[in-house]
Amino acid sequence: MMDMLKEALQFAFIQRALWAGCLVAVSCAFLGVFLVLRRFAMIGDGLAHISFAAIALGLLIKVTPIFVAVPLVVLAALGILRLSDRSWVYGDAAIGLLSAIGVATGVLIASFAGGFNVDLFSYLFGNILSVSRAEVALSVVLSFIIIGVVNLFYHDLFAATFDQDHAQVSGIRTGLVNRILLVLTALTVVLGIKVVGTMLVSSLIIFPAVSALFVARSFRTAILLAAVFGLFSVVAGIFVSYAFNLPSGATIVYVNFVIFIILFILKGRTCQ
Amino acid sequence: MQVAPLRVENLSVTYQGGEVLSCINCEALCGDYIGIVGPNGSGKTTLLRAALGLLPVASGRVLLFGQEPASFNEWGRVGYLPQRLSQMDSRFPASVEEIVTSGLLAARAYPKRVNASDRDRVAATLEELGIGSLARCMIGRLSGGQQQRVLLARALVHGPELLFLDEPITALDPVMRETFYSILEKINKERKTTILFVSHDPGAMGKYAGKLLYLDKKVMFFGTFDEFCHSGDMARHFGAGQHLICHRHG
């Protein structure tokens, strides 16, 4: 087993996968705790569907899809916030509407381009083992931005998550904090696409956070545990998928599911 | 001349087309302790939320230390204990210490960092409210009364000059209520903190507060309890109940 791990680590593509995957896992976990507690968990899923259209567009115009996805998904995130903030549409309905439009647009573009191809499939379900050097570099930059901004606004994000009204009358610009949270989420979703794919990226946001919430006794612990669970799922997922020749994205999701089940059972026992 | 911590001028608030507050005028001076009472649906909470800029006003204006809430930027001078304790997420993974610290850091400049004196201040506030031993506990594991004290600690920890309390004693037992009132009395007298206290219990307000704002969608009475006690208008409105509210006759 150890020999196989050592062998895997010698491959540049595994090293790149681990770098990109770990950074994305930490970003997702940090934001996931805030999003789950604010009942915004599904926004990751919605934005991932929108990124599907952006990726199809990137493939059509032959621009690295992730570079097309970043601005479009950020705009969509702000659009969802505006729709729900102005009470024009319920928040979850706004996510559903934009998700459907995203997938429909992606399918139309793919059809216009002559049908689905292998590239688009790898974006749908992720292929972390095919991460390029440029994508690793982008992951590093964006992840450090996400982690840095969360760190800078940590106390504001915490206050607004616990009690939005109180945060507002304490002098926190909650509108700005909400926009920051969603822009960071949009960036994280785009980063996560290569790791687990558009169909599964929300799992990296939701699973580690929900698992952490089972056991955390403080907010800081919740964030740290979510990061640990996210990191473990990516590292274990990559090695297991390498060892058994399984799809890496789906394997990462299953590692997360196993962590969730174990903690769910343990929590059930401590409650009895 | 010192600017009044709160001034409400001709304030009207509407909700779904209906007027829930009509032409409200009142002022809280430095060191005032005002009990806001009235029947259910009389607009007590609405007045507090409008005063804090959490609700849009239909007409009139609110001034916090001379500025309208939208342009007010000295929120460190204001403390707020909201009503909605029952809506608190019991699974929220926050410790008492984290919640109270959030009240201390909110109005700070970036980067907001917790230093040793902040930790001491949080600990001292928790001790003052008798919940020092709960600092590391998760908020969701506490009783209603303990949670209410945690939220009061969050409202007090930064030393506000103006304190808004929205039915803060509902989850407290009678002993804790007395403790709660005596803590407020102390900070009102010693620190000259201006207090606006929304309450369902006019009798208790008569015992502790200095002024009474009786609301029923409009201002029915605003003044001291002695003025209330001798008001002919209030005698006609409340009958014998007038002196149960004013609490001036044993």
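## A hairpin in chain B

In this predicted model, strands E1(B) and E2(B) pair in the antiparallel sense, and seven bridges hold the count of their pairing. The two strands form a hairpin with two residues between them, and in the turn Gln16(B) has a positive phi of about 50°. One bridge of this pair can be followed residue by residue, since Tyr15(B) has Gly18(B) of E2(B) as its bridge partner.

## The three-stranded sheet

Which strands make up the open sheet of three strands in chain B, and in what order do they lie? The order is E2-E1-E4, and the pairing is antiparallel. Strand E2 (18-28) and strand E4 (59-64) of chain B are the edge strands, each of them pairing on one side only, and the twist from one strand to the next averages 25°.

On the E4 side, strand E1 (residues 6-15) of chain B is joined to E4(B) by five bridges, and the two run antiparallel. Within this pairing, Glu9(B) of chain B has Arg61(B) in E4(B) as its bridge partner. Helix H1(B) packs on this sheet, where it touches E1, E2 and E4 of chain B, and its direction makes about 115° with that of E1(B).

## The six-stranded sheet

Chain B also has an open sheet of six strands, in the order E5-E6-E7-E3-E8-E9, and here the pairing is mixed. Its edge strands are strand E5 (78-81) and strand E9 (219-224) of chain B, each pairing on one side only. Neighbouring strands of this sheet are turned by 10° against each other on average, with direction ignored. As a general point, the side chains of a regular strand alternate between the two faces of the sheet.

Strand E3 (residues 33-37) and strand E8 (residues 211-215) of chain B run parallel and are joined by four bridges. One residue pair in this set is Gly35(B) with its bridge partner Leu212(B) in E8(B). Helix H5 (residues 174-190) of chain B packs on the sheet and touches E3, E5, E6 and E7 of chain B, while its direction makes about 150° with that of E7(B).

Helix H1 (residues 44-51) of chain B, already met on the three-stranded sheet, lies across E3, E5, strand E6 (162-166), strand E7 (194-198) and E8 of chain B as well, running at about 145° to E6(B).

## The helices of chain A

The secondary structure of chain A comes to 13 helices and zero strands. Its C-alpha atoms fill a box of roughly 55 × 50 × 35 Å, taken along the principal axes. For 272 residues, a compact globule would have a radius of gyration near 19 Å, and the 18 Å of chain A agrees with this.

## Two packed helices in chain A

Two packed helices are described by the angle between their axes and the distance between the axes. The axes of helix H11 (residues 201-215) and helix H12 (residues 219-244) of chain A come within 8 Å and cross at roughly 130°. Why is H11(A) called oblique to H12(A)? Their crossing angle makes it so, because an angle between 115 and 145 degrees falls outside the ranges for roughly perpendicular and roughly antiparallel. H11(A) passes H12(A) in a right-handed crossing.

The residues that make this contact include Leu204(A), Pro208(A) and Leu213(A) of H11(A), together with Leu225(A), Phe229(A) and Val234(A) of H12(A). The residues of the contact of H11(A) with H12(A) divide into 11 nonpolar, three polar and no charged.

Terms used. Residues are numbered from 1 along each chain as its sequence is written. Chains are lettered from A and ligands numbered from 1 in the order in which they are written. This is a predicted model: local features need pLDDT of at least 70, side-chain atom pairs count only at pLDDT 80 or more; totals for chains, interfaces and linings use all residues. Side-chain values use heavy atoms; hydrogens and water are left out. Two strands pair if DSSP finds at least two bridges between them. Axes are lines fitted to C-alpha atoms, for helices over the stretch in contact, and angles run from 0 to 180 degrees between N-to-C directions. Contact means heavy atoms within 4.5 Å. Angles under 35 degrees count as roughly parallel, over 145 as roughly antiparallel, 65 to 115 as roughly perpendicular and the rest as oblique. A crossing is left-handed if the near helix is turned anticlockwise from the far one by less than a right angle, and right-handed if clockwise. Ala, Val, Leu, Ile, Met, Phe, Trp, Tyr, Cys and Pro count as nonpolar, Asp, Glu, Lys and Arg as charged, and the others, Gly among them, as polar. The radius of gyration is taken over C-alpha atoms; the globule rule is 2.2 Å times the number of residues to the power 0.38.
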